[in-house]
Amino acid sequence: MALENLISVTFTQEELNELTKGLQIVKKVLSGKTVNLTPEQRGQYGRIANQNKLIVDKAKNYMEQHPDWIPRFLDKAEFDRDYTTRKQIETHVQQLQNLSQQLVDTKTLLDHDNYTNSLSFYRMMRFLAGENEPGAKPVYEDMKVLFKRNGSSNGNTNDNGQDTTDE
């Protein structure tokens, strides 16, 4: 019985070169303009929720209508730069997140296909080693060490290639 192939996709070298070139362009444009926060900093600053975006939009609108009401310690020019740049990158962030998720999902299916086929190959090697097929036993023995025989809670597999997490 043939295994179900969940996905079949390939990239030409030209496509990979274009992808790399595009990512290099994005990286170059962003160089010196983006930051990497630590997990602690991400927790500290959080994300602006939709309700808070409405507050920012409303405040900007009122600041535009009533510039005399803006506190003297607030740098309105900097506020406007931050506001504009945030709006400029928001769409790009969403597009990049979407593309990133597509790549991750595609890789997940490719990984699944590869792993399933590798298990089938391993089972065949186990069978052939048992039948004393010349050269099969060293291949089986080499692969056998990659499988744990006893179950544990870390998602191990037995030498049948079955998940032993619940065993």
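A pocket, as the word is used here, is an open set of grid points with protein on both sides within 12 Å along at least five of seven lines. With that in hand, here's a look at the pockets and salt bridges of this predicted model.

**The largest pocket**

About 1700 Å³ of space lies in the largest pocket. Its lining takes in 28 residues, and Thr34, Ile89, Glu90, Val93 and Gln97 sit closest to the centre. Helix 1 (13–30), helix 2 (39–45) and helix 4 (76–130) are the elements that each give two or more residues to that lining. Helix 4 has the largest share, with 13 residues. As for chemistry, the lining is a mix: eleven nonpolar, ten polar and seven charged residues.

**The second largest pocket**

Next comes a pocket of about 190 Å³, the second largest. Leu19, Gly22, Leu23, Val26, Leu96, Leu99, Ser100, Gln102 and Leu103 line this one. Here the elements giving two or more residues are helix 1 and helix 4, and helix 4 again takes the largest share, this time with five residues. No charged residues turn up in this lining, which has six nonpolar and three polar ones.

**Salt bridges**

How many salt bridges does a search of the whole structure find? The count is nine. Three of them are set out below.

| Salt bridge | Closest N to O distance |
|---|---|
| Lysine 60 – glutamate 64 | 2.8 Å |
| Arginine 81 – glutamate 78 | 2.7 Å |
| Glutamate 90 – arginine 86 | 3.3 Å |

Take lysine 60 and glutamate 64 to start with. They are four residues apart in helix 3 (residues 50–65), so about one helical turn separates them. Is lysine 60 buried or exposed? Lysine 60 counts as buried because its relative accessibility is 15%, and the cut-off for buried is under 20%. Its partner glutamate 64, at 44%, counts as partly exposed.

Over in helix 4, arginine 81 and glutamate 78 are three residues apart, which again means about one helical turn between them. Both ends are partly exposed: arginine 81 has a relative accessible area of 46%, and glutamate 78 has 32%.

Helix 4 also holds glutamate 90 and arginine 86, four residues apart, or about one turn of the helix. Glutamate 90 is partly exposed at 24% relative accessible area, as is arginine 86 at 28%. Glutamate 90 ties the two topics together, being among the residues closest to the centre of the largest pocket while its side chain meets arginine 86 in a salt bridge.

Finally, there's a network: salt bridges with shared partners join Lys60, Glu64, Lys76 and Asp80.

Note on methods: Residues are numbered from 1 along each chain as its sequence is written. This is a predicted model: local features need pLDDT of at least 70, side-chain atom pairs count only at pLDDT 80 or more; totals for chains, interfaces and linings use all residues. Side-chain values use heavy atoms; hydrogens and water are left out. On a 1 Å grid over the protein atoms alone, a cavity is a set of points where a 1.4 Å probe fits but cannot get out, and a pocket is an open set with protein on both sides within 12 Å along at least five of seven lines; lining residues have an atom within 4 Å of a point. Grid points are joined across faces, edges and corners, and a volume is the space filled by probe spheres set on the points. Ala, Val, Leu, Ile, Met, Phe, Trp, Tyr, Cys and Pro count as nonpolar, Asp, Glu, Lys and Arg as charged, and the others, Gly among them, as polar. A salt bridge is a side-chain nitrogen of Lys or Arg within 4 Å of a carboxyl oxygen of Asp or Glu. Buried means under 20% relative accessible area, exposed over 50%, partly exposed in between (1.4 Å probe, protein chains only).
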